[in-house]
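This report describes the packing of one helix pair and the pockets of a single model. The sequence and structure are shown first.

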Amino acid sequence: AQKGGIQLVLSRGQKDVNLVLLNTTAAPMDDLRIRQAMAYAIDRESLRQVSQTDPALTASSVFETNSKWYKDTGYPGYDPAKAKSLVDSYVAEKGPVKFVFGSPPDPVTMQSVQLLQSQWQAVGMEVEIQNFDQNTFILNAVSGKFQAQIWRQFGAGDPDNNYIWWVSSNADGNLALNMARNKDPELDKALNEGRATTDFPARKAAYDKVQARQTADLPYLWLSQQRWAAAASNEVRNFNGTELP
């Protein structure tokens, strides 16, 4: 595209987020120490190099840093010493940290999955990677038959469209849209405040609280924003000329 050989357009607006989805009701992810340790153990710079991701797309929230909704909540950075300390605390109390990390068998995705596995193992966790076909992979998520999975979601244009995925009332049952099965009354209150008004400052304050609660509870480990691309031959007319409503 830079050489003029093809036409290329990149997605704009709120993007999907590449993340690790955690089942907060399944051991050892039901212990906050392990969710925190997993977050602190992730070296995003190494992950970025393996996945060849633009540094600007590194995620510390569901929202991009240049989004009007973004709030810096002090999301955990890379600190393997702190991660190991949290793992040691858990092990002393409950025994070894063992879990299965689910992924589709896609070879590009597996490069990142294997790197995450090595980073968690470096701080004392025992991590087994299991591959699933796409249908089984998604069914495992909604049925709660997982501990941790690589995942991509939450590209809604308005934060309220993520309500069904985050609210506590959707965390129960054989099939749950709140796939992390995370129940947090404070997050629920903020979600309801966000949909109760059209006033932007009030809504911004509400979704600031949502981001703060997600950092506190860590049902999701944010990795990077997913920027989609579309390309076409130079012979295609009006490739990027249509304005949607």
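## Helix packing

Angles under 35 degrees count as roughly parallel, those over 145 as roughly antiparallel, those from 65 to 115 as roughly perpendicular, and the rest as oblique. Axes are lines fitted to C-alpha atoms, for helices over the stretch in contact, with angles from 0 to 180 degrees between N-to-C directions. In this predicted model, local features need pLDDT of at least 70 and side-chain atom pairs pLDDT 80 or more, while totals for chains, interfaces and linings use all residues. Residues are numbered from 1 along each chain as its sequence is written, and side-chain values use heavy atoms, without hydrogens and water.

The axes of H2 and H4 (DSSP runs of H or I, at least four residues, numbered from the N terminus) come within 9 Å and cross at roughly 160 degrees. The two helices H2 and H4 are therefore roughly antiparallel. Ser46, Leu47, Val50 and Ser51 of H2 meet Gln111, Ser112, Leu115, Leu116 and Gln119 of H4, contact being heavy atoms within 4.5 Å.

## Pockets

A pocket is an open set of points on a 1 Å grid over the protein atoms alone, where a 1.4 Å probe fits, with protein on both sides within 12 Å along at least five of seven lines; lining residues have an atom within 4 Å of a point. The largest pocket is lined by 35 residues, with Asn18, Thr109, Arg152, Ser224 and Gln226 nearest its centre.

The second largest pocket is lined by Arg12, Phe239, Asn240, Thr242, Glu243 and Leu244.
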